[in-house]
Amino acid sequence: MSDAQAPAQISRREQILREAARLFAERGFHGVGVDEIGAAVGISGPGLYRHFAGKDAMLAELLVGISERLLAGGRMRIAEGGESPEAVLRALIDGHIDFALDDRPLITLHDRELDRLREADRKRVRQLQRQYVELWVDVVREVHPGPSESRARAAVHAVFGLLNSTPHLGRPGALPGRTEMAELLHGLALGAFGAVAREAAEGESMAASASASAAASGA
């Protein structure tokens, strides 16, 4: 293990957030006390207030923070580019799969606790999420230009739902290994986008056939 990977390099603040996310996901936001979070990182509950104003601040940093990281990661992958738009889309999928497999408690928190954020923080999360979705929509439409913008956006949301289903798939030991699970999710995501593209192509073909039949009938 390198120095950068060593547990000692994880800041106390990061440790607190990691354990808070785990406990909130397991027991619910109101089912966890400050003392329990402190005990999980080896400090007194009141000691947490040197790092955070309270549980609400922890929750806000967790949910706003992951939205910021996803958007920044998506922008980085697009900026780095690739051999083709297909390569960029694969990179976006891989980045989101890393989140879905490695940050499962945050997915649970978002589903259950987003409405507990202050209005300003909740709006910030939504704004970041919309920007993240639009990054994907642009790339998907480069790869599959057939579907309309609205259908491409619906497909992106559907793929997010697929990838973010990991907390509901059972305990980690009951699932394939991480590599196999990542490959499965990647294939399913690509398949979903391909299905939308095929549907659009079939719709265009049917419309063309109907137009040709109508023209022939009127001749």
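Mentor: Buried means under 20% relative accessible area, exposed means over 50%, and partly exposed is what lies in between. The model discussed here is predicted.

Trainee: Is Arg 153 buried, exposed or partly exposed?
Mentor: The relative accessible area of Arg 153 is 23%. Buried would need a value under 20%, and exposed a value over 50%. Because 23% falls in between, Arg 153 is partly exposed.

Trainee: Which residue meets the side chain of Arg 153 in a salt bridge?
Mentor: Side chains of opposite charge can pair when their charged atoms come close. Arg 153 lies in helix α7, residues 149-163, and its partner is in that helix too, four residues apart, about one turn. The N to O distance in the salt bridge is 2.6 Å. The partner is itself partly exposed, at 39%, and it is Glu 149.

Trainee: Which residues are linked with Glu 149 and Arg 153 in a network of salt bridges?
Mentor: A search of the whole structure gives 13 salt bridges. Some of them join into a network that holds Glu 149 and Arg 153. The other residues linked in this network are Glu 134 and Arg 141.

Trainee: About how many helical turns separate Arg 22 and Glu 19?
Mentor: These residues form a salt bridge whose closest N and O atoms are 2.7 Å apart. Arg 22 is partly exposed at 33%, whereas Glu 19 is buried at 18%. Both are in helix α1, residues 12-27, and because they are three residues apart there, the separation is about one helical turn.

Trainee: In the salt bridge of Asp 121 with Arg 118, how far apart are the closest N and O atoms?
Mentor: Asp 121 has a relative accessible area of 15%, so Asp 121 is buried. Arg 118 stands at 60% and counts as exposed. The closest N and O atoms of this salt bridge are apart by 3.2 Å.

Trainee: Which backbone nitrogen does the side chain of Glu 36 reach?
Mentor: Glu 36 lies in helix α2, residues 34-41, and is partly exposed at 33% relative accessibility. Leaving aside neighbours within four places in sequence, Glu 36 is in contact with Leu 23, Arg 27 and Gly 31. The side chain of Glu 36 also reaches a backbone nitrogen at 2.8 Å, that of Gly 33.

Trainee: How far are the C-alpha atoms of Glu 36 and Leu 23 separated?
Mentor: Along the chain, Glu 36 and Leu 23 are 13 residues apart. They are nevertheless in contact. Their C-alpha atoms are separated by 8.5 Å.

Trainee: Which element gives the largest share of the largest nonpolar core?
Mentor: The largest nonpolar core has 58 residues, and those with the most contacts inside it are Phe 24, Ile 37, Met 58, Trp 136 and Phe 193. Elements that give two or more residues to this core include α1, α3 (55-80) and α8 (178-218). The largest share is ten residues, and it comes from α6.

Trainee: How many helices and strands does the protein have?
Mentor: From the N terminus on, the elements run α-α-α-α-α-α-α-α. Of the contacts with a separation of 6 or more, 68% are between residues 24 or more positions apart. The secondary structure comes to zero strands and eight helices.

Trainee: What percentage of the residues in the protein is buried?
Mentor: The accessible surface comes to about 12,200 Å², with 52% of it belonging to carbon and sulfur atoms. The protein has 219 residues, and the buried ones make up 39%.

Definitions and conventions:
Residues are numbered from 1 along each chain as its sequence is written. This is a predicted model: local features need pLDDT of at least 70, side-chain atom pairs count only at pLDDT 80 or more; totals for chains, interfaces and linings use all residues. Side-chain values use heavy atoms; hydrogens and water are left out. Buried means under 20% relative accessible area, exposed over 50%, partly exposed in between (1.4 Å probe, protein chains only). Contact means heavy atoms within 4.5 Å. Accessible areas come from the Shrake-Rupley method with a 1.4 Å probe; for residues, only the protein chains shown count as cover. A polar contact is a pair of N or O atoms within 3.5 Å; within protein, one must be able to donate a hydrogen and the other to accept it, and residues adjacent in sequence count only if both atoms are side-chain atoms. A salt bridge is a side-chain nitrogen of Lys or Arg within 4 Å of a carboxyl oxygen of Asp or Glu. A nonpolar core is a set of buried Ala, Val, Leu, Ile, Met, Phe, Trp, Tyr and Cys residues joined through side-chain atoms within 4.5 Å.
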